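I opened this model to look up how its chains pair and how they meet the DNA. My notes are below, in the order of the look-ups.

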There are 2 protein chains.
Amino acid sequence: MFKEFGSGGLGLADNSGARVAHSSELDALIALEHIGMRRSFTRDEEIYAEGDRSDCWFRVVAGTVRSCKLLADGRRHIPEFFFAGDSFGLDAADERFASAEAVGDVVVMRYPRGATERLLDERPELARRMCSATLRGLTHAHARMLLLGRMTATERVASFLLELAERRDAKRAVELPMSRYDIADYLGLTIETVSRVLSAFKRDGAIAVPSPHRIEFRDRNMLAELCEA
Amino acid sequence: MFKEFGSGGLGLADNSGARVAHSSELDALIALEHIGMRRSFTRDEEIYAEGDRSDCWFRVVAGTVRSCKLLADGRRHIPEFFFAGDSFGLDAADERFASAEAVGDVVVMRYPRGATERLLDERPELARRMCSATLRGLTHAHARMLLLGRMTATERVASFLLELAERRDAKRAVELPMSRYDIADYLGLTIETVSRVLSAFKRDGAIAVPSPHRIEFRDRNMLAELCEA
DNA sequence: CGCCAGTTTGACCAAGATCAACGCAAGTGG
DNA sequence: CCACTTGCGTTGATCTTGGTCAAACTGGCG
């Protein structure tokens, strides 16, 4: 069910686009790289906080980023994970709705908002790309609402594993860079439920779990059947 | 918590924008109106179906539209309602992810995709507006994920009432154009739970319900406290 | 070796779903 | 004009899924 992902890439690392960027587009992408700055973060470090001014956006170079939203009583929700090549932090409001944190060690490019907007004015092709990345993000958000609103715990975990596999282009196994807490808060469940569902999948021979952060697919069909609309 | 809404308007009916459109922008918006066609739909009529080619998008002129996603076993989810002034159906994928249906009698403007794209190429201001409407839609989607993933039934219904009131600019009372089924599928609950929560609010003096489709606020604070992050 | 964080497992509990009955107003047809 | 139906909405009783609380396991590291 997950054909569309994240806020997506913008093209440099984009291997899903049908056409190769022609030269003016390529120029634009190179120009974009010039206004960006490389930044590194370590595990659990905050890239930006809820309520910060959203005066820049990012692209993941390496590692995994989670965005987080906290409720007053401590309940946490993770609207999205971002992997290498994904953009994040491009926001309509000028205050951050959610924070962004490094799941492990992370390298990102940071693009200031002002310079980006000037660039977009000059390069309509780039603006187009940016817009369609946002649109893809919206599609993905809709798929996630369906998951959170109407799917069972089993279906959620199965969808999650397959989504991850597809995003990371993994056929036989998938690395889980995030903790059970992160997975639970992404899926609207508790760590115990996530753990139990994974154990059930293991029992049923759908997956193997050689280490808590690695899942091997044994019967991918079984998982796929669980989450098809 | 709901400061940002739907896929938003694009300007003609937009009273929230800080600046008045200057003349070239206005031209662009008028040009947009020229490529649109007025269409009417009656209660429960389908505006487009899941899987249709997404070769156009719409703006609601009057009435309420729901978008719908059906799971194989009949479970339904409503990712979004659209009211007068909201745009919908602008999609990244070229197949519709969800259908759109008229909640009651509805009038919409229909804009073909091709003509829109040509217009956007000529009018960067309009493209900018379009893009930021999409971005607002994404913010709203994130708020909805939080609701579906982490909020209780009581909090969901309270948020829903306040969201509706804010979107329709209603201070003391709000009209519910949709059925309890629609509300339930929007909030990831059942009709029974929605009904029970409304009854509880009534008992507690937070609202009055003179008719099933009209809610009057008696203690808005009580509702607000229930859903603040 | 023992500690610690993260994960798993088990026993129990509760929020919300399900199933079923009832209410109520708007049609409909005799 | 009044029975009868029909489509929603409400309420109540019971059940289930997933949450809560608590204990046990596991692998890495001082």
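The entries run from conventions to chain, symmetry, DNA and a few single residues.

**Entry 1. Conventions.** I am working with a predicted model, where local features need pLDDT of at least 70, side-chain atom pairs count only at pLDDT 80 or more, and totals for chains, interfaces and linings use all residues. Residues are numbered from 1 along each chain as its sequence is written, chains are lettered from A and ligands numbered from 1 in the order in which they are written, and side-chain values use heavy atoms, with hydrogens and water left out.

**Entry 2. Chain A overall.** I looked up the secondary structure of chain A and found seven helices and 11 strands. Helices (H or I, at least four residues) and strands (E, at least two) are DSSP runs, numbered from the N terminus. Chain A has 229 residues, and 52% of them count as buried. Buried means under 20% relative accessible area, exposed over 50%, and partly exposed in between, with a 1.4 Å probe and protein chains only. I then checked contacts, meaning heavy atoms within 4.5 Å. Among those in chain A between residues at least 6 apart in sequence, 74% join residues at least 24 apart.

**Entry 3. Symmetry.** How is chain B placed on chain A? A rotation of 180° with 0.0 Å of shift along its axis does it, at an RMSD of 0.0 Å. The two copies are thus related as by a two-fold rotation axis. The superposition is by least squares on the C-alpha atoms of residues with pLDDT of at least 70 in both copies. I also compared the interface residues. Of those in chain B, 95% are also interface residues in chain A, so the copies meet through the same surface.

**Entry 4. DNA strand C.** I listed the residues near the strand, that is, with a heavy atom within 4 Å of it. There are 17 around DNA strand C, and the closest are Arg180(A), Ser199(A), Ala153(B), Thr193(B) and Arg196(B). Sugar and phosphate make up 66% of the strand C atoms that come within 4 Å of the protein. Next I looked for polar contacts (a pair of N or O atoms within 3.5 Å; within protein, one must be able to donate a hydrogen and the other to accept it, and residues adjacent in sequence count only if both atoms are side-chain atoms). Arg196(A) has a polar side-chain atom 2.9 Å from a base nitrogen of strand C. For Arg196(B), a side-chain N or O atom is 2.8 Å from a base oxygen of strand C. His213(A) goes to the backbone instead, with a polar side-chain atom 3.3 Å from a phosphate oxygen of strand C. Which element gives the largest share of the surface near DNA strand C? I find H6(A), with four residues.

**Entry 5. DNA strand D.** I repeated the search. Again 17 residues lie around the strand, and Ala153(A), Thr193(A), Arg196(A), Arg43(B) and Ser199(B) come nearest. Sugar and phosphate account for 67% of the strand D atoms within 4 Å of the protein. I noted three phosphate oxygen distances. The side chain of Thr193(A) has an N or O atom at 2.5 Å, Thr190(A) has a polar side-chain atom at 3.2 Å, and His213(B) has a side-chain N or O atom at 3.4 Å. H6(B) gives the most to the surface near strand D, with four residues.

**Entry 6. Helix H2 of chain B.** Which residues of H2(B), residues 113–122, are buried? I find Ala115(B), Thr116(B), Leu119(B) and Leu120(B). They cover an arc of only 140° around the axis, which puts them on the same side of H2(B). The arc is taken from the directions from the helix axis to the C-beta atoms. Arg118(B) and Asp121(B) are exposed on the other side.

**Entry 7. Glu80(B).** I found Glu80(B) in strand S5 of chain B, residues 76–82. Its relative accessibility is 5%, so Glu80(B) counts as buried. Its side chain makes polar contacts with the side chains of Arg167(B), at 3.3 Å, and Tyr186(B), at 3.3 Å.

**Entry 8. Arg53(B).** Arg53(B) sits in the loop between strands S2 (46–48) and S3 (56–62) of chain B. Arg53(B) is exposed, with a relative accessible area of 59%. Leaving aside neighbours within four places in sequence, Arg53(B) contacts Asp94(B) and Arg96(B).
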